[in-house]
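Q: Could you take me through one part of this model closely? I would like to look at where the two chains meet and at what lies behind that region.

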Amino acid sequence: MKKFLLLLALCASTTFASAANVSPVATKCNARTAMVLTPIVEYQGKNVADYILATQKIQFPFMTLNNTVYVQLLIQHRGTMPELFGGEIITQTSSVAAVRIPLNSLQQFLQQETVIAAELSQRFKKSMDESRKEIGADRVHSGQGVAKLTGKGVIVGVYDTGIDTKHPDFSTESGSRILYLWDMANDGKSPAKYPWGTEYTKADIDQGASQEKDFDGHGTHVAGTAAGNGRGKAEMKGIAPEADIIVVKGVREDNESSFDDADIIAGCAYIFEKAQELGKPAVINLSLGSVLGPHDGTSALEIALSELVQPGKLIIAAAGNEGTLPIHAGTSYQAGENIGTYISPINVCDLFENFCPDIPNIFVTAADIWFKGGSIDSMYIEAYSSTSFSMVGRLGMAVGDAVDNVELNANNKVIGYISVTTINNSNNGDDNSFIRISNNGNEDIIIDDYVWAYRFTTKSAGQIDMWAGIPVPQDLPATFRVFTGNTDMTIGSPASAKKLISVGSYVTKNEWDSKSGKQSGNNLSLGVISTFSSKGPTRDGRIAPLLTAPGEVIFAAASSDMEQDDKLNRISPDGMYYGIEGTSMATPHVAGTVALMLQARPTLTFEQVSDIIKEWSRKDARTGENLPNNTWGYGKIDAYFYALQSTLTSVNEENYTNNNSVNIYPNPAYDNVTVSVADGITIHNVMVTDIAGNTIMQKANTSSSATLSSASLSNGVYGVHILTSAGLHHKVLTIVK
Amino acid sequence: MNCSSSSVLEQKSTRALRETLAQQTAEDVSHTVLVTMQGFGDEQKKEVSLCGVSIIVATPSVVTMIGTREELECVAKKPFVKSLELSQNKKTQ
């Protein structure tokens, strides 16, 4: 938030400087956008599209569609969407939208009072180095304005589908960077505490004794993002390139890509135990999840993982990829209400492994329903004709009644078999009902021929939330109060755990080179939220995800053991890197960044890291001003500021008292103040805080002295915090005017 | 060891485990479960171990274990056991 105020001040001064220019381009666009668009809109008296055509500037973000020239913009607006003058919305959040506007109408579009700001869409960059730069990790690696941090001395733990131990990004001249590798899929010499799978040490890997393979490629990719060192290709370096790596291949079969809750806990415990033995801090990447569960951090998995988190031992989890699916529906209710929702059923057998009986033609639709406070009297499962919307069948029950595979008939034929279980969950005290509607493998029973309604009569006031499938978009006639579906609370588990850091995804690439030529990502705009990125809040009301990071499209290490022929358009020309998207890909950007933070301060707690993220995440035109929210969390990852804050708090008494080598003058000061240190020592950063500890100004630096303007400071006493190559120093500054 | 009553197990099982146990009639089939406790120390570990389950890993209030229905019934009857959840799948994201 402090940084936001500083940025706000900068933006305000920019607006003031351009206020004399009446052009909406000058007043509503950033400098880069204004530079490009000003000569176009000032091409007075002529068709601006002709200008574009004449100057042959038909390249992104300009495009021709049906002989009309459009420009693609990211806009901030207030209230409803402004008039688009024949353009269209590409994607939008509540106050930010990516739009395509006819160039001839650009002036009119920008002149609308509801358009607050506009930026040209940017094209994406071609490799991992762009997402690394985007989050500020390069500055941290090279020590620009902050101590140089690369993850050295920190364990990056990856619990996933395995790792390609032969990929050059996971080794140095001294051999493998992987200190331990536990392969749960293949039995051999298992870890001492865990009697399954095979454990390999660094020595085993160096001697070529590891038989482990990552057939899926997912684990290799996330490990590359978090900790790859770019030995295969320097620009593909990951976020913590000098961290040590511990990998748990958490699948029980080589070709699987799903993980068992109990194994996840064991895998994380194993990584932390190894880190403890080595005397190193550790961060674990969990690019996995499921949308089932209480969504309040009280599942046993989430409790267990939260309990594994300790000072210097942190876990990062993917928010989930359900952001486009309005599978959640919820409402608060009063006593004596009749409420319900219409559902277009989806076959959950395709979504959840081992969820359905292994029989041909099986179709099961399901609803996971949670009640907080209040009680429910009766529950009804109703089938409606999808053409006439008349009810054709109904099953009613008192809540708590066990219903097991009961036939529901319509017009003398079975239209589904219904099971309902309701329990009181002792971890959170809430009632939990689970509904299954199945065809039991009978292909003549077509569940999705019907619209289904789940309806409830209420006894006392409370809140219902259900995860049930896709809601029916039409306004159907109803004899009850309808609550409709939305994408809220699509955050998965274990991301909703109380002590895990949950990560959403935004776009940082839409164009890349591949083995099958140049590819593009369907007009994705730079910096916007990934549409798939799951949203919060958690059911107990916490903001989720905590933050967002680059997750679409990310190029990182490709496993040589995975099938590549079917994904040539995603494989880099050299075959060593692979481009995919998902909150899975965003998560290791955060895991790597937390490794940098742990290098600066090895005992950082979950609460400290969360506080830094909450205060120092990035806000921009794409996130909008209204942060935190349940799409972006507290904003975009900022490795530079996170690392800087971790460094600034990593002080000891010696640092605090060792002030003799720092000079600050004049003091008292008026309009300028200079800080200097002895030759040979570098000042990385100078921060000025008020007596309440609020950051007033900050300056990055690369020499042995730094001068700051104190003109804007009022009379009073301030703290000056100087980060140098010799340590952190604190001085008192007095301003007198 | 008297572990015959199944009602406590049903009461303390979350939905997926209850459904699995209802469908699974064979008594000797083992299930991997996550058991939430009101604290898990040496004393609790000793008591749970006597039920015959195999403990995989424990945090201060969650223990993952493998056991048959009879063994889990025995665990569920311990007063410090809050709930039993079936270990379920998570997928890559």
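A: Happy to: here is a walk from the contact between the chains into the interior. This is a predicted model, in which local features need pLDDT of at least 70 and side-chain atom pairs count only at pLDDT 80 or more, while totals for chains, interfaces and linings use all residues. Residues are numbered from 1 along each chain as its sequence is written, and chains are lettered from A and ligands numbered from 1 in the order in which they are written.

Let's start at the contact itself. Here 39 residues of chain A are in contact with 25 residues of chain B, contact being C-beta atoms, placed from the backbone, within 7 Å. Elements of chain A that give two or more residues to this side include helix H10 (261–278), strand S14 (288–289), helix H11 (300–308) and strand S22 (413–424); helices (H or I, at least four residues) and strands (E, at least two) are DSSP runs numbered from the N terminus. By class, the side of chain A that touches chain B has 16 nonpolar, 19 polar and four charged residues. Here Ala, Val, Leu, Ile, Met, Phe, Trp, Tyr, Cys and Pro count as nonpolar, Asp, Glu, Lys and Arg as charged, and the others, Gly among them, as polar.

S14(A) also pairs with strand S5 (residues 89–92) of chain B, antiparallel and over two bridges; pairing requires at least two DSSP bridges. In this pair, Leu288(A) stands opposite Thr92(B).

On the chain B side, look at helix H2 (residues 15–23), where Leu17(B), Arg18(B) and Leu21(B) are buried. Buried means 20 or more other C-beta atoms within 10 Å of the residue's own, with C-beta atoms placed from the backbone; exposed means 12 or fewer, and partly exposed is in between. These three cover an arc of only 100° around the axis, which puts them on the same side of H2(B); the arc is taken from the directions from the helix axis to the C-beta atoms. The buried residues of H2(B) pack against S22 of chain A, together with elements of chain B that include helix H1 (7–12) and strand S1 (31–37).

Now for the interior. Cys268(A) is among the residues touching the most other members of the largest nonpolar core, which has 149 residues. Such a core is a set of buried Ala, Val, Leu, Ile, Met, Phe, Trp, Tyr and Cys residues joined through C-beta atoms within 7 Å. Leaving aside neighbours within four places in sequence, Cys268(A) is in contact with Tyr159(A), Ile284(A), Leu305(A), Leu308(A) and Ile315(A).

Note on methods:
Two residues are in contact if their C-beta atoms, placed from the backbone, lie within 7 Å.
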